[in-house]
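Trainee: Please take me closely through one loop of this model, and then set that loop against the rest of the chain. I would like the criteria behind each term to be spelled out as you go.

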Amino acid sequence: MANKQALRDLQSRLAERLQAARTQDRGRSWLAVECGARGFLFPLRDAGEIFAVAPLERVPHSHRWFLGVSNLRGHLHGVVDLAGFLGLKGGAEPTREQARLVGFNQALDINCVLLVDRLSGLRSEEELEPESDDGGPRPGFVGPRYRDGSQRLWQELNLAALAGDEAFLGIVG
């Protein structure tokens, strides 16, 4: 029970910090999440509401990474297993205690949420050092890589570009 309350408190603090970060005009900021044992950064300007994992309704003939649709605050959202979409693991089991659904900013006009394994807080550009590009091919929604003070590698994902990516929008398998 204490773990649930601690997670609620963390989510509440993150929501407050997300709102404050959106209204401040300073350097770049990201929501840090973990998926498939990898760290990802979502630009705060593109990230939306964070939800606990909710019941899903499967969609026939869709890719394994498209988990289905869920009613979140009275609106239907498509639910995408981010690790599955990126090829980091097979289909997700959205029942883990720390898993969360991260929405897209309403301005991006996409009713979709991303299933992530856990939230890792907020990051600012002062906390991260840019990592050199390996020069390999990558999708248009994959941004630069950064390393934090503990030498953890973080990959930026441009949610605006992801929302328009043909493969991401093509849920039918």
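Mentor: Helices and strands here are DSSP runs numbered from the N terminus, a helix being H or I over at least four residues and a strand E over at least two. The model is a predicted one, in which local features need pLDDT of at least 70 and side-chain atom pairs count only at pLDDT 80 or more, while totals for chains, interfaces and linings use all residues. Residues are numbered from 1 along each chain as its sequence is written, and side-chain values use heavy atoms, with hydrogens and water left out.

The loop in question runs between strand 3 (47-52) and strand 4 (66-72), and P55 has its place there, as does H61. P55 counts as exposed because its relative accessibility is 73%, where exposed means over 50% relative accessible area, buried under 20% and partly exposed in between, for a 1.4 Å probe and protein chains only. H61 is likewise exposed, at 70% relative accessibility.

If neighbours within four places in sequence are set aside, P55 is in contact (heavy atoms within 4.5 Å) with V69 and S70. The C-alpha atom of P55 also lies 9.4 Å from that of L72, a residue 17 places away along the chain. H61, under the same exclusion of sequence neighbours, touches I171, V172 and G173, whereas its C-alpha atom is separated by 37 Å from that of R152, 91 residues away along the chain.

Strand 3, which leads into this loop, also gives the most to the lining of the largest pocket, with three residues. A pocket is an open set of points on a 1 Å grid over the protein atoms alone, where a 1.4 Å probe fits and protein lies on both sides within 12 Å along at least five of seven lines, and its lining residues have an atom within 4 Å of a point. The volume of the largest pocket is about 320 Å³, counted as the space filled by probe spheres set on the points. Its lining comprises 16 residues, of which E49, H77, F104, Q106 and N111 are the closest to the centre. Besides strand 3, at least two lining residues each come from strand 5 (75-81), strand 6 (100-104) and strand 7 (112-116). By class, six lining residues are nonpolar, seven polar and three charged, with Asp, Glu, Lys and Arg taken as charged, Ala, Val, Leu, Ile, Met, Phe, Trp, Tyr, Cys and Pro as nonpolar, and the others, Gly among them, as polar.

For contrast with the exposed loop residues, consider Q155 in strand 11 (residues 153-157), which is buried because its relative accessible area is 9%. With neighbours within four places left aside, Q155 is in contact with R38, G39, F40, L41, V142, G143, P144 and R145.

Across the whole protein, which has four helices and eleven strands, buried residues make up 44% of the 173 residues. Of the contacts between residues at least 6 apart in sequence, 59% join residues at least 24 apart. The C-alpha trace spans about 45 × 45 × 30 Å along its principal axes.
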